[in-house]
Amino acid sequence: MTIKTGCFIFIRVFLGLMYLWIVADRLGFLSPVGNLGVVWGNFDNFLEYTATLNPWFPRVVSDILGYFVTFLEVVLGVLLVSGIRLKEAALASLALLLVFLLSMIFSIGFKEAFDYIVFTVVVAAASALLYREAKKRRPGWV
(Lines give C-alpha, C1' and ligand atoms only; values in the text may rest on other atoms or scores of the structure.)
Protein backbone atom coordinates (compact mmCIF):
# COMPACT_ATOMS: atom_id res chain seq x y z
CA MET A 1 0.00 0.00 0.00
CA THR A 2 1.34 3.40 -0.95
CA ILE A 3 1.16 6.50 1.21
CA LYS A 4 -1.42 7.99 -1.17
CA THR A 5 -3.62 4.91 -0.89
CA GLY A 6 -3.28 4.93 2.89
CA CYS A 7 -4.23 8.61 3.05
CA PHE A 8 -7.27 8.02 0.84
CA ILE A 9 -8.41 5.14 3.04
CA PHE A 10 -7.87 7.22 6.18
CA ILE A 11 -9.85 10.17 4.78
CA ARG A 12 -12.80 8.09 3.60
CA VAL A 13 -12.99 6.08 6.84
CA PHE A 14 -12.68 9.26 8.90
CA LEU A 15 -15.45 11.00 6.95
CA GLY A 16 -17.64 7.90 7.21
CA LEU A 17 -17.08 7.71 10.97
CA MET A 18 -17.87 11.43 11.24
CA TYR A 19 -21.25 10.82 9.62
CA LEU A 20 -21.98 7.91 11.96
CA TRP A 21 -20.80 9.89 15.03
CA ILE A 22 -23.01 12.84 14.13
CA VAL A 23 -26.02 10.56 13.73
CA ALA A 24 -25.25 8.85 17.05
CA ASP A 25 -25.17 12.29 18.69
CA ARG A 26 -28.37 13.29 16.93
CA LEU A 27 -30.15 10.15 18.15
CA GLY A 28 -28.97 10.67 21.74
CA PHE A 29 -26.62 7.67 21.87
CA LEU A 30 -23.65 9.71 23.13
CA SER A 31 -25.26 11.52 26.06
CA PRO A 32 -27.63 14.42 26.72
CA VAL A 33 -27.03 17.84 25.21
CA GLY A 34 -24.66 19.97 27.25
CA ASN A 35 -22.11 17.23 27.88
CA LEU A 36 -18.64 17.58 26.41
CA GLY A 37 -18.65 16.83 22.69
CA VAL A 38 -22.44 16.57 22.41
CA VAL A 39 -24.11 18.97 19.98
CA TRP A 40 -27.63 17.59 19.61
CA GLY A 41 -28.27 15.09 22.37
CA ASN A 42 -31.65 14.18 20.89
CA PHE A 43 -33.42 14.16 17.57
CA ASP A 44 -35.85 16.95 18.46
CA ASN A 45 -32.96 19.42 18.83
CA PHE A 46 -31.72 18.40 15.39
CA LEU A 47 -35.17 18.88 13.85
CA GLU A 48 -35.35 22.38 15.37
CA TYR A 49 -31.99 23.23 13.78
CA THR A 50 -33.14 21.76 10.47
CA ALA A 51 -36.15 24.08 10.60
CA THR A 52 -33.80 27.00 11.31
CA LEU A 53 -31.70 26.17 8.24
CA ASN A 54 -34.78 25.78 6.05
CA PRO A 55 -37.08 28.66 6.99
CA TRP A 56 -38.57 28.70 3.49
CA PHE A 57 -40.16 25.25 4.01
CA PRO A 58 -43.18 24.41 6.17
CA ARG A 59 -42.17 22.58 9.35
CA VAL A 60 -43.46 19.22 8.11
CA VAL A 61 -41.20 19.43 5.03
CA SER A 62 -38.28 20.50 7.18
CA ASP A 63 -38.85 17.49 9.47
CA ILE A 64 -38.96 15.15 6.47
CA LEU A 65 -35.64 16.63 5.32
CA GLY A 66 -34.22 15.99 8.79
CA TYR A 67 -35.20 12.33 8.65
CA PHE A 68 -33.97 11.99 5.07
CA VAL A 69 -30.59 13.58 5.81
CA THR A 70 -30.13 11.36 8.85
CA PHE A 71 -30.87 8.25 6.77
CA LEU A 72 -28.52 9.49 4.03
CA GLU A 73 -25.72 10.14 6.52
CA VAL A 74 -26.03 6.60 7.90
CA VAL A 75 -25.88 5.15 4.39
CA LEU A 76 -22.93 7.35 3.40
CA GLY A 77 -21.13 6.52 6.64
CA VAL A 78 -21.49 2.79 6.07
CA LEU A 79 -20.48 3.04 2.41
CA LEU A 80 -17.41 5.15 3.12
CA VAL A 81 -16.21 3.02 6.04
CA SER A 82 -16.77 -0.24 4.17
CA GLY A 83 -15.33 1.02 0.86
CA ILE A 84 -18.42 0.07 -1.14
CA ARG A 85 -19.49 2.27 -4.10
CA LEU A 86 -16.92 4.91 -3.22
CA LYS A 87 -17.39 7.14 -6.26
CA GLU A 88 -21.14 7.41 -5.69
CA ALA A 89 -20.67 7.86 -1.94
CA ALA A 90 -18.07 10.58 -2.48
CA LEU A 91 -20.27 12.48 -4.94
CA ALA A 92 -23.36 12.15 -2.74
CA SER A 93 -21.34 13.26 0.26
CA LEU A 94 -20.05 16.32 -1.54
CA ALA A 95 -23.56 17.18 -2.74
CA LEU A 96 -25.00 16.78 0.75
CA LEU A 97 -22.31 18.95 2.31
CA LEU A 98 -22.71 21.64 -0.36
CA VAL A 99 -26.49 21.76 0.16
CA PHE A 100 -25.94 21.95 3.90
CA LEU A 101 -23.37 24.72 3.47
CA LEU A 102 -25.63 26.75 1.17
CA SER A 103 -28.57 26.32 3.55
CA MET A 104 -26.40 27.64 6.37
CA ILE A 105 -25.19 30.62 4.35
CA PHE A 106 -28.68 31.64 3.22
CA SER A 107 -30.38 31.09 6.58
CA ILE A 108 -27.88 32.13 9.26
CA GLY A 109 -25.39 34.17 7.22
CA PHE A 110 -21.92 33.68 5.79
CA LYS A 111 -19.92 34.64 8.86
CA GLU A 112 -21.94 32.40 11.17
CA ALA A 113 -21.81 29.50 8.70
CA PHE A 114 -18.05 29.99 8.27
CA ASP A 115 -17.59 29.24 11.99
CA TYR A 116 -18.69 25.63 11.44
CA ILE A 117 -16.47 22.78 10.26
CA VAL A 118 -18.62 22.14 7.19
CA PHE A 119 -16.46 24.58 5.16
CA THR A 120 -13.36 22.53 5.91
CA VAL A 121 -15.09 19.26 5.09
CA VAL A 122 -16.50 20.59 1.80
CA VAL A 123 -13.09 21.89 0.73
CA ALA A 124 -11.44 18.58 1.68
CA ALA A 125 -14.07 16.54 -0.18
CA ALA A 126 -13.87 18.76 -3.25
CA SER A 127 -10.07 18.62 -3.20
CA ALA A 128 -10.09 14.84 -3.00
CA LEU A 129 -12.50 14.58 -5.93
CA LEU A 130 -10.48 17.05 -8.01
CA TYR A 131 -7.27 15.19 -7.23
CA ARG A 132 -8.84 11.89 -8.21
CA GLU A 133 -10.17 13.28 -11.49
CA ALA A 134 -6.85 14.94 -12.31
CA LYS A 135 -5.02 11.69 -11.63
CA LYS A 136 -7.37 9.78 -13.99
CA ARG A 137 -6.62 12.23 -16.78
CA ARG A 138 -2.86 12.29 -16.12
CA PRO A 139 -1.91 8.87 -14.70
CA GLY A 140 1.69 9.82 -13.87
CA TRP A 141 0.63 12.98 -12.04
CA VAL A 142 1.22 13.20 -8.30
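This briefing walks through some helices, an aromatic cluster and a few individual residues. The structure is a predicted model, so everything below is computed from predicted atoms. The unreviewed UniProt entry lists residues 7–24, 64–82, 89–108 and 114–131 under "transmembrane region", and two of these spans, 64–82 and 89–108, come up in the points below.

**Helix α3 and what follows**

- Helix α3 covers residues 59–82, which makes 24 residues. From its first C-alpha to its last it reaches 35 Å, close to the 34 Å expected at 1.5 Å a residue.
- Residues 64–82, one of the spans that UniProt lists as "transmembrane region", are 100% helix and 0% strand, and the end C-alpha atoms lie 27 Å apart.
- Several residues of α3 are buried, among them Ser 62, Gly 66, Thr 70 and Glu 73. Leu 76, Gly 77 and Leu 80 are also buried.
- Just after α3 comes Gly 83, with a positive phi of about 85°.
- Arg 85 sits in the loop between α3 and α4. Its phi is near 50°, a positive value in a residue other than glycine.
- Arg 85 counts as exposed because its relative accessibility is 53%, over the 50% cut-off.

**Helix α4 and Ser 93**

- The span 89–108, also listed by UniProt as "transmembrane region", is 100% helix and 0% strand, with 28 Å between its end C-alpha atoms.
- Ser 93 has its place in helix α4, which runs over residues 86–108.
- Is Ser 93 buried or exposed? Ser 93 is buried, because a relative accessible area of 2% falls under the 20% cut-off.
- Leaving aside neighbours within four places in sequence, Ser 93 is in contact with Leu 15, Tyr 19 and Leu 76. Of these partners, Leu 76 has already appeared as a buried residue of α3.

**The aromatic cluster**

- Trp 40, Phe 43, Phe 46, Tyr 49 and Tyr 67 form one aromatic cluster.
- The count of aromatic pairs in the model comes to five. In one of them, Trp 40 and Phe 46, the ring centres are 5.5 Å apart and the planes stand at 80°, so the pair is edge-to-face.
- Phe 46 also pairs with Phe 43 in a tilted arrangement, with 5.7 Å centre to centre and 45° between the planes.
- Why are Phe 43 and Phe 46 separated by about one helical turn? They are three residues apart in helix α2, residues 43–53, and so about one turn separates them. In an α-helix there are 3.6 residues a turn, so residues three or four places apart point the same way.
- Three members of the cluster can be placed by their accessibility: Trp 40 is buried at 15%, Phe 43 is buried at 15%, and Phe 46 is buried at 7%.
- A charged residue joins the picture at Phe 46: Arg 26 lies over the face of its ring, 3.7 Å from the ring centre.

**Asn 42, in the loop before α2**

- Asn 42 lies in the loop between α1 (3–26) and α2.
- At 30% relative accessibility, Asn 42 counts as partly exposed.
- Beyond its neighbours within four places in sequence, Asn 42 is in contact with Asp 25, Arg 26 and Gly 28. Arg 26 is also the residue that lies over the face of Phe 46.
- Phe 29 is 13 residues away from Asn 42 along the chain, and 8.3 Å separates their C-alpha atoms.
- The side chain of Asn 42 reaches the backbone nitrogen of Asn 45 at 2.8 Å.

Conventions:
Residues numbered from 1 in each chain as written. Predicted model: local features only at pLDDT ≥ 70, side-chain atom pairs only at ≥ 80, totals over all residues. Heavy atoms only, no water. Helix = DSSP H or I, 4+ residues; strand = E, 2+ residues; numbered from the N terminus. Expected span 1.5 Å × (residues − 1). Buried < 20%, exposed > 50% of the residue type's maximum accessible area, 1.4 Å probe, protein only. UniProt positions renumbered as here; feature names shortened; annotations may be inferred. Contact = heavy atoms within 4.5 Å. Phe/Tyr/Trp six-rings, centres within 6.5 Å; stacked < 30°, edge-to-face > 60°. Lys NZ or Arg CZ within 6 Å of the ring centre and 35° of its normal. Polar contact = N/O pair within 3.5 Å; in protein donor to acceptor, adjacent residues only side chain to side chain.
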